[in-house]
Amino acid sequence: MSAASSHTGPEDPGLGSGTLQNVKKVFGMEGASDLVAVKDISFSFSSGEVISLLGPSGCGKTTVLKMIGGLIEATSGEITVSNSLVRGPYENVGMVFQTPTLMPWRSVISNIKFPLEVLGKQLTDIDDKAISLLKLTNLTEFKNAWPHELSGGMQQRAALCRALIHSPEILLMDEPFGALDELTRMEMNDLLLKVNYQEKNTVIFVTHSISEAIYLSDKVHVFSKRPAEIRKTININLPHPRNPTDRYTDYFKQLELDAGEALGVIR
Ligand SMILES: Nc1ncnc2c1ncn2[C@@H]1O[C@H](COP(=O)(O)OP(=O)(O)OP(=O)(O)O)[C@@H](O)[C@H]1O
Ligand SMILES: [Mg+2]
């Protein structure tokens, strides 16, 4: 059994799955020549999988993530998520960015419920969902706190709850733990896997960190320098659930070496 198949997603295998086919992004630059951010990216993902996009700064990772989320349009190529062509923003997606972006004038719980207000959803089932997410992320005691009263890691946990409140099939995360200290980041990695196990959504995770990508993922796509292409795809066959000691095994070290070589940082 593959590592991915041990924590599969919802019953319809199409939900949360997706494909990028020959996706390219060129930004028009005023008074200068066009900037090719993403040259040609193709990959697919299955429901419930955790996929990392690993690559050097400025190579086009955020651009790819935004195209998957429908926030920016691909110049050419095709993206499908949950059997539908991505043509613009859509509801069935959650996003977490590097900075928590909580609204400082709203309490934690009010921040978490905010997307549902925007979507005009009935608030009846939401309290249960919010309470279950707060519990899962160990924030129950802080539900009425203000964002500034939380540590960076706690703010990111709240941002994760907010991204999941409408039960999206796909969760896009752009270096969400990049600003955290190493210890907190490792804790957040385990928490994210726990959340993924419960929520069963697909996660596309952007990171600079080789070890984070390996620990979290079923598959790591290593990007080239800009314009982004996939240099190498590394299948991660670590067992689920992960154990922090997995990080210190020979297999893990070999994967780090493979990723480092693909990035060009180890020659
Ligand atoms: N809206 C935009 N208009 C013009 N150029 C852009 C735009 N967004 C991104 N770029 C350019 O596209 C390239 C890729 O940017 P992107 O933010 O996707 O990289 P990244 O891999 O996420 O970098 P980092 O790791 O530093 O976050 C960069 O050269 C950037 O300047
Ligand atoms: Mg980025």
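**A guided look at the fold, helix 4 and ligand 1**

Guide: In this predicted model, a compact globule of 267 residues would have a radius of gyration near 18 Å, and the protein has 18 Å, so the two agree.

Visitor: What box do the C-alpha atoms of the protein fill?

Guide: Roughly 50 × 50 × 40 Å, taken along the principal axes. Inside the protein there are 7 helices and 10 strands, and 39% of the 267 residues count as buried.

Visitor: What makes helix 4 "mostly covered"?

Guide: A residue counts as buried if 20 or more other C-beta atoms lie within 10 Å of its own. In helix 4, 10 of the 13 residues are buried, so "mostly covered" fits. Among them are Gln155, Leu160 and Leu164.

Visitor: Which elements do those buried residues of helix 4 pack against?

Guide: Strand 6 (93-96), helix 2 (108-118), helix 3 (126-136), strand 7 (170-174) and helix 5 (182-199).

Visitor: And how do you know whether the span of helix 4 is close to the one expected?

Guide: The rule is 1.5 Å times one less than the number of residues. Helix 4 (residues 152-164) has 13 residues, with 18 Å expected, and reaches 19 Å from its first C-alpha to its last, so the span is called close.

Visitor: Which helix gives the largest share of the shell around ligand 1?

Guide: Helix 1, with 3 residues. Strand 2 (35-45) also supplies at least two. The shell includes Phe27, Lys61 and Arg226.

Visitor: How many residues of that shell around ligand 1 are nonpolar, polar or charged?

Guide: There are 4 nonpolar, 6 polar and 2 charged. Gly counts as polar, and Gly55, Gly58 and Gly60 are part of the shell.

Methods:
Residues are numbered from 1 along each chain as its sequence is written. Chains are lettered from A and ligands numbered from 1 in the order in which they are written. This is a predicted model: local features need pLDDT of at least 70, side-chain atom pairs count only at pLDDT 80 or more; totals for chains, interfaces and linings use all residues. Helices (H or I, at least four residues) and strands (E, at least two) are DSSP runs, numbered from the N terminus. A residue is buried if 20 or more other C-beta atoms lie within 10 Å of its own, exposed if 12 or fewer, and partly exposed in between; C-beta atoms are placed from the backbone. Two residues are in contact if their C-beta atoms, placed from the backbone, lie within 7 Å. A residue is near a molecule or strand if its C-beta atom, placed from the backbone, lies within 6 Å of it. The radius of gyration is taken over C-alpha atoms; the globule rule is 2.2 Å times the number of residues to the power 0.38.
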